[in-house]
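Please read the following briefing alongside the sequence and the 3D view. The notes begin with one residue and then widen to a helix, a further residue and the chain as a whole.

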Amino acid sequence: MQSYTIGQAARLLGVSADTARRWADAGRVATHRDESGRRVIDGKSLAAFSVEIAQSEDEDASYTSARNSFPGIVTDVKLGDVAAQVTIQAGPHRLVSLLTREAVEELGLEVGMQATARVKSTSVHIDRT
């Protein structure tokens, strides 16, 4: 079974290595030492923990049918006469959305503010890494 270092687990969970380490220290996710002496998390435990985190209650969560949410920071806003392009950096993910200029103005989207990109698609491709 594949195991993940604390740093790898942090990247997969979208948190800092310090946060992942604190969770491991608190016993929220089980770790063991590999042959090199590094603390690692086995793949099944990490998968179960990631589901647990995703299902935990968030008091500030909005209600939506879109399950793929990417909270991040707006890094670019390009306004046209009718359309606009907004770029959000959500951890390692860069998301670009095309929407109306009116929607951008109503939301007050500006570079540097927090925003959440929600993705709903009929086709999702998964590559094994």
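Thr 87 has a relative accessible area of 4% and is therefore buried, since buried means a value under 20%. The model in which this value was computed is a predicted one, and Thr 87 has its place there in strand β5, which spans residues 83-90.

**Surroundings of Thr 87**

- When the neighbours within four places in sequence are left aside, Thr 87 is in contact with Ile 73, Val 74, Thr 75 and Asp 76, and also with Arg 94, Leu 95 and Val 96.

**The two sides of helix α2**

- Helix α2 covers residues 17-25, and its buried residues are Thr 19, Ala 20, Trp 23 and Ala 24.
- These buried residues lie on the same side of α2, because the arc they cover around the axis is only 140°.
- Arg 22 and Asp 25, by contrast, are exposed on the other side of α2.
- The packing partners of the buried residues of α2 are α1 (6-13), β3 (39-42) and α3 (43-55).
- After α2 comes Gly 27, whose phi is positive, with a value near 80°.

**His 32 in strand β2**

- His 32 belongs to strand β2, which is made up of residues 32-33.
- Is His 32 buried, exposed or partly exposed? The relative accessibility of His 32 is 37%, so this residue counts as partly exposed, the class that lies between under 20% and over 50%.
- Apart from neighbours within four places in sequence, the residues in contact with His 32 are Ser 3, Arg 38, Arg 39, Val 40 and Asp 42.
- Between His 32 and Thr 5 there are 9.9 Å in space, taken from C-alpha to C-alpha, while in sequence the two are 27 residues apart.

**The chain as a whole**

- The protein chain contains four helices and seven strands, and along the sequence these follow the pattern β-α-α-β-β-α-β-β-β-α-β.
- Among the 129 residues of the protein chain, 22% count as buried, and Thr 87, at 4% relative accessible area, is one of the buried residues.
- The area that the protein chain exposes is about 9700 Å², of which carbon and sulfur atoms supply 49%.
- If one takes the contacts in the protein chain with a separation of 6 or more, residues that stand 24 or more positions apart account for 47% of them.

Conventions: Residues numbered from 1 in each chain as written. Predicted model: local features only at pLDDT ≥ 70, side-chain atom pairs only at ≥ 80, totals over all residues. Heavy atoms only, no water. Helix = DSSP H or I, 4+ residues; strand = E, 2+ residues; numbered from the N terminus. Buried < 20%, exposed > 50% of the residue type's maximum accessible area, 1.4 Å probe, protein only. Contact = heavy atoms within 4.5 Å. Areas by Shrake-Rupley, 256 points an atom, 1.4 Å probe, with all protein chains shown as cover. Arc of directions from axis to C-beta.
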